[in-house]
Amino acid sequence: MQFDNSYKGQFLIAMPNMQDPRFERALIYICGHDKNGTMGLVINQVHPEFTFMELVAQLELLDEREKQIHAKRANGINVYNGGPVEQGRGFILHSDDYAIEQTEAIDDGVALTGTLDALKALSANEGPRLYLTVLGYASWSAGQLDSEIAANVWLTCHASQSIIFNRNVEAKYNLALNSMGVNPTFLMGTSGHA
């Protein structure tokens, strides 16, 4: 059964009146939204503890020779802090040119895989063309996100690959607002959703 008011595949943009510091200026990609609740990934907050290669090394996915081969490719690739829930749980948010049994198509050429197999494929240069490695996620209980949107805590808008996978982390928030025709300079905490 299709859920009529689904935010799946959309962005949530934190409004200036956001009270939770974990979500200040957060841009969240909604991976699932139905009558039971919502799950999303913050895509503009770099994880403070891990780079991609540090994560791969900690999980012992590559031997020493493979680490040397892939270290240059992975240099500077971020791991994102996807949200406050299960911060040890990893996800690969990626383009839909890669899929394994555990991959879930989200929307508009974007998919989600939450297994070590996907991370190993990435570290071996065999994964998707576009991707973000994310630890943790954000979630809302049934009706909670709708209430927060009605209270002007979040803006919603269509998500695009060009923003999701943009390597300029600092620019993502403003790019999402600009995609709605909103000038971040003039944004006040009184808007609803688009």
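Is E86 buried, partly exposed or exposed? Keep that one in mind; it opens the set below. The model is a predicted one.

**Exercise 1. Place E86, describe its backbone and find its salt-bridge partner.**

Step 1: start with the surface. E86 has a relative accessible area of 44%. Partly exposed covers the range between under 20% (buried) and over 50% (exposed), so E86 is partly exposed at 44%.

Step 2: now the backbone. E86 sits in strand β6, which covers residues 85-95. Its phi is positive, about 45 degrees, although E86 is not a glycine.

Step 3: look for the partner. E86 forms a salt bridge with R89, and the closest N and O atoms are 4.0 Å apart. R89 counts as partly exposed too, with 39% relative accessibility.

**Exercise 2. Work out how many salt bridges the model has, and describe the pairs besides E86 and R89.**

Step 1: get the total. The count comes to three salt bridges.

Step 2: take the pair made by E104 and K8. Their closest N and O atoms are 3.4 Å apart. E104 belongs to strand β7, while K8 is in the segment before β1 (10-14), so this pair ties together parts that are 96 residues apart in sequence.

Step 3: check how open the two ends are. E104 is partly exposed at 38% relative accessible area, and K8 is partly exposed at 31%.

Step 4: add R22 and D20. Their side chains meet in a salt bridge at 2.7 Å, N to O. R22 is partly exposed, with a relative accessible area of 47%.

**Exercise 3. Find R25 and say what its phi angle looks like.**

Step 1: find the spot. R25 is in the loop between β1 and β2 (27-34).

Step 2: read the angle. R25 has a positive phi of about 55 degrees, and it is not a glycine.

Step 3: check the surface. With 41% relative accessibility, R25 counts as partly exposed.

**Exercise 4. Which residues gather in the patch of negative charge, and where does R129 lie?**

Step 1: list the members. D96, D97, D107 and D108 gather in a patch of negative charge on the surface.

Step 2: zoom in on D107. Its place is in strand β7, residues 104-107. D107 counts as partly exposed because its relative accessibility is 32%.

Step 3: bring in R129. This arginine lies in the loop between α3 (116-123) and β9 (131-141). At 57% relative accessibility, R129 counts as exposed.

Step 4: link R129 to the patch member D97. The two are 32 residues apart in sequence, and 7.0 Å separate them in space, C-alpha to C-alpha.

**Exercise 5. How many disulfides does the structure hold, and are C31 and C157 buried or exposed?**

Step 1: count the bonds. The structure holds zero disulfides. A pair of cysteine sulfur atoms would have to be within 2.5 Å to count as one.

Step 2: check the cysteines. C31 is buried, with a relative accessible area of 3%. C157 is buried as well, at 5%.

**Exercise 6. How far apart in space are D34 and A142, and how far apart are N44 and V169?**

Step 1: begin with D34. Its place is in strand β2, and D34 is partly exposed at 35% relative accessible area.

Step 2: pair D34 with A142. They are 108 residues apart in sequence, with 7.8 Å between them in space, C-alpha to C-alpha.

Step 3: move to N44. This asparagine lies in the loop between β3 (37-42) and β4 (46-51). Buried means under 20% relative accessible area, so N44 is buried at 11%.

Step 4: pair N44 with V169. Along the chain they are 125 residues apart, and their C-alpha atoms are separated by 5.3 Å.

Note on methods
Residues numbered from 1 in each chain as written. Predicted model: local features only at pLDDT ≥ 70, side-chain atom pairs only at ≥ 80, totals over all residues. Heavy atoms only, no water. Buried < 20%, exposed > 50% of the residue type's maximum accessible area, 1.4 Å probe, protein only. Patch = residues over 30% accessible without salt bridge, like charges linked within 9 Å, V, L, I, M, F, W, Y side chains within 5 Å. Areas by Shrake-Rupley, 256 points an atom, 1.4 Å probe, with all protein chains shown as cover. Lys, Arg positive; Asp, Glu negative; His and termini not counted. Charge placed at Lys NZ, Arg CZ, Asp CG, Glu CD. Helix = DSSP H or I, 4+ residues; strand = E, 2+ residues; numbered from the N terminus.
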